[in-house]
Amino acid sequence: MAFKVFLIDDDVVYLKSLKEFLEVNNFQAEISSNPRKAVATFQNKEFDCVLLDLKMPGLDGIQLLEKFLEIRTDVPIIMVSGEGTIPLAIKAIRMGAYDFIEKSDDPNRILITLSNAIEKRKLFLEKSVLKAQIDETYSIVGQSEAIQKILDKIEMVARSNAKVLITGESGTGKELVARAIHNNSLRAGKPFVKINCAAIPSMLLESELFGHKKGAFTGAHQDYKGKFLVADGGTLFLDEIGDMSPELQAKLLRVLENNEVEVIGNPLPIKVDVRLIAATNQNLPQLIRDGKFREDLFHRLNVIQVHIPPLRERPEDIPPLADHFIKMFAQTYNKPVRGISEQALQILKQNEWTGNIRELRNVIEKVIVLTDKEIIDTQEINEALGSAPTAQRLSFSNGKSLKKALEEYEKFYIEQTLKQHSWKILDSAKALDIDRTALFRKMRKFGIQKDDYVRS
């Protein structure tokens with residue numbers, strides 16, 4: 001595909017010769033010798049680049065540049081300067097022009113400058129599309145007063161470097177809030193790095209956070225750049241901060257106090273510029289009272305607190321969330337689904353949603369995968385929720401022993417907990433208040449397997 005260039009100059013002879021030269025080199029070129037008409041042309045047509053003469057009667061190049069930049073900023077504008085106009089060309093670049101060339105320049109310089117400008121525009125457009133996709137993927141959906149307050153707080157704190165602590169139950173969208181803060185901050189173009197403190201054993205978490213040098217310990221076969229160094233200039237999101245060991249909490253506190261990272265095996269600390277956002281579904285003040293979390297670290301992290309209430313406390317957010325997930329999964333699975341009935345919405349509103357938005361998302365995905373209807377109705381929702389009363393699902397029988405009935409309910413409760421926590425063993429074990437080994441043992445006892453759930 002030939003790229004389209006808009007050439008503006010009051011010298012018609014120069015315009016025509018430049019047009020012919022560019023077309024020989026596989027560009028499309030449109031010309032204008034009338035600066036005022038050029039504004040309308042630029043406004044109504046698509047161009048990949050503009051070559052604009054600095055000295056013209058009526059509207060000069062500087063005035064025209066100003067008007068073009070008001071219309072759109074994604075099209076690079078290269079100023080064409082004659083003798084004695086170099087200072088003007090420099091002024092134009094300060095205003096937003098991409099570059100300038102002299103009329104006496106080698107034609108190859110024109111081609112190189114054009115190609116570089118167009119390549120920069122391509123990267124800009126690709127980045128814009130990617131950013132739009134990221135914004136859509138990580139958008140915060142909701143219309144409740146609680147969500148509006150959270151959005152207002154995000155807007156207020158994003159531009160600062162203040163540390164933020166996000167609290168809320170599992171599945172409420174704590175990472176979405178962290179990403180929204182980063183994406184609306186001055187660090188938006190820099191890395192957003194996340195790490196789940198509960199998913200990594202304590203002995204490895206220090207290396208993951210701070211990095212290590214080759215040979216620092218057994219198994220350190222090469223240098224490893226920790227998450228703090230990867231996030232330098234950007235944002236580090238520490239999820240499930242309440243699961244961090246007391247020893248590591250002390251080391252994290254030193255990093256926050258000195259803005260320096262001590263890489264394992266490196267005697268010299270390294271300066272870092274990282275904004276820290278932490279999140280937890282635990283009660284940190286209670287952990288402090290229990291001696292499991294440092295109070296000084298809590299105060300360091302809790303400069304700004306954002307609490308996300310559970311979905312059951314804001315049922316007015318369920319319709320927009322359901323609509324958002326329906327559109328997303330209908331597109332993902334190429335299904336004709338375009339909405340949900342009011343009766344089905346009422347069932348969703350009445351559900352407890354102990355897994356919060358993550359659970360709602362999974363339910364909608366399951367419905368979309370298993371239906372070919374345009375409108376989701378109560379039957380699909382009930383099947384996805386398994387919403388017959390618990391007593392019916394456990395098939396009550398007078399001839400059943402108490403031990404057998406309790407085992408059936410225990411199996412059912414474990415299955416539901418695993419489902420609500422997306423089959424994450426550590427999260428499910430915490431919710432059940434048992435350790436991982438005990439949960440694995442019970443899953444083996446009752447024959448609970450994720451594959452069976454997915455097929456059902």
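## Two parallel sheets and two nonpolar cores

Five strands, in the order β7-β8-β11-β6-β12, make an open sheet with parallel pairing; strands pair if DSSP finds at least two bridges between them. Helices (H or I, at least four residues) and strands (E, at least two) are DSSP runs, numbered from the N terminus. This is a predicted model, in which local features need pLDDT of at least 70 and side-chain atom pairs count only at pLDDT 80 or more, while totals for chains, interfaces and linings use all residues. Residues are numbered from 1 along each chain as its sequence is written, and side-chain values use heavy atoms, with hydrogens and water left out.

**The sheet with β7 and β12**

- Its edge strands are β7 and β12 (304-307), and each pairs on one side only.
- From one strand to the next, the twist averages 20°; axes are lines fitted to C-alpha atoms, for helices over the stretch in contact, and angles run from 0 to 180 degrees between N-to-C directions.
- β7 and β8 are joined in the parallel sense over 5 bridges, and F192 stands opposite T235 in β8.
- Helix α6 (residues 145-158) lies across β6 (164-167), β11 and β12, and runs at about 155° to β12.

**The sheet with β2 and β5**

- Here 5 strands form an open sheet in the order β2-β1-β3-β4-β5, and the pairing is parallel.
- At the edges are β2 (28-32) and β5 (99-102), each pairing on one side only.
- Neighbouring strands are turned by 20° against each other on average, direction ignored.
- Strands β1 (residues 4-8) and β3 (residues 49-53) pair in the parallel sense over 4 bridges; V5 has C49 in β3 as its bridge partner.
- Across β1, β2 and β3 lies helix α2 (residues 35-44), running at about 165° to β1.

**The nonpolar cores**

- A nonpolar core is a set of buried Ala, Val, Leu, Ile, Met, Phe, Trp, Tyr and Cys residues joined through side-chain atoms within 4.5 Å, where buried means under 20% relative accessible area (1.4 Å probe, protein chains only).
- The largest nonpolar core has 33 residues, and those with the most contacts inside it include L209, F228, L252 and F293.
- Elements giving two or more residues to this core include β7 (192-196), β8 (235-239), α10 (246-258) and β11 (275-280); the largest share, 5 residues, comes from α10.
- Leaving aside residues up to four places away in sequence, L252 touches F210, F228, L238, I241, M244, L276 and L297, with contact meaning heavy atoms within 4.5 Å.
- A second, separate core of 25 residues includes L311, W353, I364 and A384.

Methods:
Buried < 20%, exposed > 50% of the residue type's maximum accessible area, 1.4 Å probe, protein only.
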